[in-house]
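I opened this structure to go through its side-chain pairs, its cores and the surroundings of its ligand. My notes follow in the order in which I worked.

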Amino acid sequence: MQQGEFNFFCHEPNKADVVSEVLTGLNSNPKFIAPKFFYDQRGSELFEAITELDEYYPTRTEMRLLGKHLPEVAGLLGKNLCVVEYGSGSSMKIRKLLEAVSPEAYVPIDISQAHLVENAQVLFRDYPSLRIYPVCADFSQPLQLPAVTQDLRKVGFFPGSSIGNFEPGDASGFLGTVRDEVGIGGALLIGVDRKKNVDILHDAYNDRRGITAAFNLNVLSHLNERFDATFDLAAFSHQARYNEQAGCMQMFLRSCRDQVAHVAGSEVTFCLDEEVHTENSYKFHPDEFLAIAGDAGFAALRMWSDEQDWFSLFLLEAV
Ligand code: AVJ
């Protein structure tokens, strides 16, 4: 049995750049906070809770597709693989993929260092012969994969329709960097949420128990802790609605009064009813997604969808 290995690589962006990124958004008109700031430890836990909600169908639908089609994926991918996971959320999905394709190496990439390393160590305990190289980095930016994996065929894994967080132009840009990272002949297994009845989407982002609202508001707690901000969460309300023209669910935090918050020493003013944009979650027709993937240098090998065409799994090859 091959001896496993665990080696951590840190490319965490420096704090000054992150602070200026946050302030740029909060000084823009309209104001925005990038969705990556949802995922501190508490945010990752809240998202975990969202995936178990009746209304939030994407995770369970994708898990069913993985369960059903991973044997075919394994047959198509072959051996001598390195799985590169963009954003290491819960390990439910990656465990299914690791079990199905038995790669030589696994490279999880995530911006939340504690969450990343903790998840990777648990996987190393359960898969001691696997070479695991966690990389702390912003996966939306180009990065060097660990050189020790260069002799292996790269398979990118981007589940959950997190591709939906990118603006269409940025989505093909991101997939282009993934294509460069996996290289010619490399592959990408990606989950994509489909366009559907707006009521279903509305309910998925406005769940009865208010978990999504807590997840959305938690971004302010994250900024309070990390950037000495002074946000009063009780002075903002969760808003989520479908933008028909753009084809995406949009989330906002609405200011319940005129107010001022300090962020990393800078003052930010909010008017009554002013909205801060926190996330776009684009929904796709298959041809729309394949056009974006094609622009990025990927060809479709397979597409699998659930019986209601609510969610699709694509296996792409870098050409
Ligand atoms: C993890 C980005 C795919 O957009 O559906 C869940 C995050 N936002 N509920 C999504 C999310 C609100 C989720 N992604």
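**Entry 1: salt bridges**

The model is a predicted one. I began with a network of salt bridges, which links E21, K36 and D138. Across the structure I found 19 salt bridges.

I took the pair D138 and K36 out of that network and looked up the gap. Their closest N and O atoms are 2.9 Å apart. D138 sits in the loop between β6 (135-136) and β7 (153-158), and K36 in the loop between α1 (15-26) and α2 (41-50), so this salt bridge ties together parts that are 102 residues apart in sequence. I then checked the accessibility of each partner. D138 has 12% relative accessibility and counts as buried, while K36, with 24%, counts as partly exposed.

Next I looked up D309, which forms a salt bridge with R194; here the closest N and O atoms are 3.7 Å apart. This pair too links distant parts of the chain, 115 residues apart: D309 is in the loop between β14 (298-305) and β15 (311-318), and R194 is in the loop between β8 (187-193) and α7 (198-205). R194 counts as buried at 11% relative accessibility, and D309 counts as partly exposed at 39%.

The third pair I noted is R254 with E275, a salt bridge with an N to O distance of 2.9 Å. Both partners are in strands: R254 lies in β10 (residues 248-255) and E275 in β13 (residues 275-282), so the pair ties together parts that are 21 residues apart in sequence. I recorded a relative accessible area of 28% for R254, which makes R254 partly exposed. E275 counts as buried, at 18% relative accessibility.

**Entry 2: cysteines**

How many disulfides does the structure hold? I counted zero. For C82 I looked up the closest cysteine sulfur: it belongs to C136 and is 18 Å away, which is too far for a bond. The cut-off I used for a disulfide is 2.5 Å between the sulfur atoms. C82 is buried, with a relative accessible area of 0%. I found the value of 0% for C248 as well, and C248 is buried.

**Entry 3: nonpolar cores**

I then turned to the nonpolar side chains. The largest nonpolar core has 38 residues, and those with the most contacts inside it are L26, I33, L220, F231, F236, V263 and F270. The elements that contribute two or more residues to this core are α1, α2, α7, α8 (211-227), β9 (236-243), β10, β11 (259-263) and β12 (266-270). Which element gives the largest share? I noted α8, with seven residues.

I listed the contacts of L26, leaving aside its neighbours within four places in sequence. They are K31, F32, I33, F231, V263, V268, F270 and V276. I also found a second, separate core of 35 residues, which includes A105, A171, I190 and V192.

**Entry 4: ligand surroundings**

Which residues come nearest to the ligand? I found 14 residues around the ligand, and Y56, G160, Y205, E279 and S281 are the ones that come nearest. For some of these I looked up polar distances. A polar side-chain atom of Y205 is 2.6 Å from an oxygen atom of the ligand. In the side chain of E279, an N or O atom lies 2.7 Å from a nitrogen atom of the ligand. For S281, the distance from an N or O atom of the side chain to an oxygen atom of the ligand is 2.8 Å.

**Entry 5: D193**

I followed Y205 to D193, since Y205 is among the contacts of D193. D193 lies in strand β8. Is D193 buried or exposed? I found 0% relative accessibility, so D193 counts as buried. The side chain of D193 has a polar contact of 2.9 Å with that of K196. Beyond its neighbours within four places in sequence, D193 is in contact with Y57, P58, S161, L201, Y205, Y282, K283, F284, W310 and F311.

**Entry 6: Y242**

My last look-up was Y242, which is in strand β9. Y242 is buried, with a relative accessible area of 17%. Its contacts, with neighbours within four places in sequence left aside, are K195, V198, L201, G247, C248, M249 and K283. I also noted the separation of Y242 and R257: 15 residues apart along the chain, they have C-alpha atoms separated by 24 Å.

Note on methods
Residues are numbered from 1 along each chain as its sequence is written. This is a predicted model: local features need pLDDT of at least 70, side-chain atom pairs count only at pLDDT 80 or more; totals for chains, interfaces and linings use all residues. Side-chain values use heavy atoms; hydrogens and water are left out. A salt bridge is a side-chain nitrogen of Lys or Arg within 4 Å of a carboxyl oxygen of Asp or Glu. Helices (H or I, at least four residues) and strands (E, at least two) are DSSP runs, numbered from the N terminus. Buried means under 20% relative accessible area, exposed over 50%, partly exposed in between (1.4 Å probe, protein chains only). A nonpolar core is a set of buried Ala, Val, Leu, Ile, Met, Phe, Trp, Tyr and Cys residues joined through side-chain atoms within 4.5 Å. Contact means heavy atoms within 4.5 Å. A residue is near a molecule or strand if one of its heavy atoms lies within 4 Å of it. A polar contact is a pair of N or O atoms within 3.5 Å; within protein, one must be able to donate a hydrogen and the other to accept it, and residues adjacent in sequence count only if both atoms are side-chain atoms.
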